[in-house]
Amino acid sequence: MAPNELPELSVEELHARFEAGEPVVLLDVREEYEYDIIHLDGILIPLDSLENRLEELEKYKADELIVHCRTGNKSAEAVALLRKNGFSKARNLTGGLTAWAQKIDPSFPIY
């Protein structure tokens, strides 16, 4: 992995994990109103609050944490912040919920 690259997980890989019944820790870094539109469950901590709320995630520090947003941009920022703070297994969901809607579940609204 190059220094500027963040580890990612594709929506197909995440879907396969759901289908296999694997436990997955999801972190949604969108705003609450966006979460209300559609979500994959998981923990909601908006990106602008994340740095001040890292203690809420402390119990997941050793776990793989899949971070997502609408398109993957905010979640990439969140993954960088998390990794800088010792969450070494944080990964970005490539393309976010837009990719999920396009490739996995067309019933998800794209907004």
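The exercises below, each with a worked solution, concern a predicted model.

**Exercise 1. The sheet**

Give the strand order of the open sheet and state which strands stand at its edges.

Solution.
- Step 1. The open sheet has five strands in the order β1-β5-β4-β2-β3, and the pairing is parallel.
- Step 2. β1 (8-9) and β3 (43-44) each have a single partner strand and stand at the edges, so one side of each has no neighbour in the sheet.
- Step 3. Four bridges join β2 to β4, two bridges join β2 to β3, and three bridges link β4 with β5.

**Exercise 2. Register of the strands**

Find the residues that stand opposite Val-25, Leu-26 and Leu-27, then the residue of β5 that stands opposite Leu-65.

Solution.
- Step 1. On the β4 side, Val-25 stands opposite Leu-65, and Leu-26 stands opposite Ile-66.
- Step 2. On the β3 side, Leu-27 stands opposite Ile-43.
- Step 3. Leu-65 of β4 in turn has Ala-90 of β5 opposite.

**Exercise 3. The two faces of β2 and β4**

Sort the residues of β2 and β4 by the side to which they point, and state whether they are buried or exposed.

Solution.
- Step 1. In β2, Val-25 and Leu-27 lie on one side, with Leu-26 and Asp-28 on the other.
- Step 2. These β2 residues are all buried, and both faces of the strand are covered.
- Step 3. In β4, Leu-65 and Val-67 point one way, Ile-66 and His-68 the other.
- Step 4. The four named residues of β4 are all buried as well.

**Exercise 4. The largest nonpolar core**

Identify the members of the largest nonpolar core that touch the most other members, and the elements that give two or more residues to this core.

Solution.
- Step 1. The core has 18 residues, and those touching the most other members are Leu-27, Leu-50, Leu-57, Leu-65, Val-67 and Leu-82.
- Step 2. Two or more residues come from each of β2 (25-28), α3 (47-50), β4 (65-68) and α4 (73-84).
- Step 3. α4 supplies the largest share, four residues.
- Step 4. Take Leu-27 as an example: beyond its neighbours within four places in sequence, Leu-27 contacts Ile-43, Ile-45, Leu-50, Leu-57, Leu-65, Ile-66, Val-67, His-68 and Leu-82.
- Step 5. A second, separate core has 13 residues, among them Leu-97, Trp-100, Ala-101 and Phe-108.
- Step 6. As background, nonpolar side chains in soluble globular proteins tend to be buried together.

**Exercise 5. Helix α5**

Explain why α5 is described as largely enclosed by the rest of the structure, and locate Ala-99 within this picture.

Solution.
- Step 1. The buried residues of α5 are Gly-96, Leu-97, Thr-98, Ala-99, Trp-100 and Ala-101.
- Step 2. Helix α5 (residues 96-103) has eight residues and six of them are buried, so the helix is largely enclosed by the rest of the structure.
- Step 3. The packing partners of the buried α5 residues are α1 (11-20), β4 and β5 (90-93).
- Step 4. Ala-99 belongs to α5; its relative accessible area is 7%, which is under the 20% limit for a buried residue.
- Step 5. Leaving aside neighbours within four places in sequence, Ala-99 contacts Val-11, Thr-94 and Ile-104.
- Step 6. Between Ala-99 and Glu-12 there are 9.4 Å from C-alpha to C-alpha, while in sequence the two are 87 residues apart.

**Exercise 6. Ser-75 and Asp-41**

Classify Ser-75 and Asp-41 by relative accessibility, and place each in the structure.

Solution.
- Step 1. Ser-75 lies in helix α4 and counts as buried, at 0% relative accessibility.
- Step 2. Apart from neighbours within four places in sequence, Ser-75 is in contact with Val-29, Val-67, His-68, Cys-69, Asn-92 and Leu-93.
- Step 3. Asp-41 sits in the loop between α2 (32-37) and β3.
- Step 4. With a relative accessible area of 48%, Asp-41 is partly exposed.
- Step 5. The phi of Asp-41 is near 70 degrees, a positive value in a residue other than glycine.

**Exercise 7. The cavity**

Describe the volume and the lining of the largest cavity.

Solution.
- Step 1. There is one cavity of 30 Å³ or more, and the volume of the largest cavity is about 30 Å³.
- Step 2. The lining consists of Arg-70, Leu-97, Thr-98, Ala-101, Pro-109, Ile-110 and Tyr-111.
- Step 3. By type, the lining divides into five nonpolar residues, one polar and one charged.

Key: Residues are numbered from 1 along each chain as its sequence is written. This is a predicted model: local features need pLDDT of at least 70, side-chain atom pairs count only at pLDDT 80 or more; totals for chains, interfaces and linings use all residues. Side-chain values use heavy atoms; hydrogens and water are left out. A nonpolar core is a set of buried Ala, Val, Leu, Ile, Met, Phe, Trp, Tyr and Cys residues joined through side-chain atoms within 4.5 Å. Buried means under 20% relative accessible area, exposed over 50%, partly exposed in between (1.4 Å probe, protein chains only). Contact means heavy atoms within 4.5 Å. Two strands pair if DSSP finds at least two bridges between them. On a 1 Å grid over the protein atoms alone, a cavity is a set of points where a 1.4 Å probe fits but cannot get out, and a pocket is an open set with protein on both sides within 12 Å along at least five of seven lines; lining residues have an atom within 4 Å of a point. Grid points are joined across faces, edges and corners, and a volume is the space filled by probe spheres set on the points. Ala, Val, Leu, Ile, Met, Phe, Trp, Tyr, Cys and Pro count as nonpolar, Asp, Glu, Lys and Arg as charged, and the others, Gly among them, as polar.
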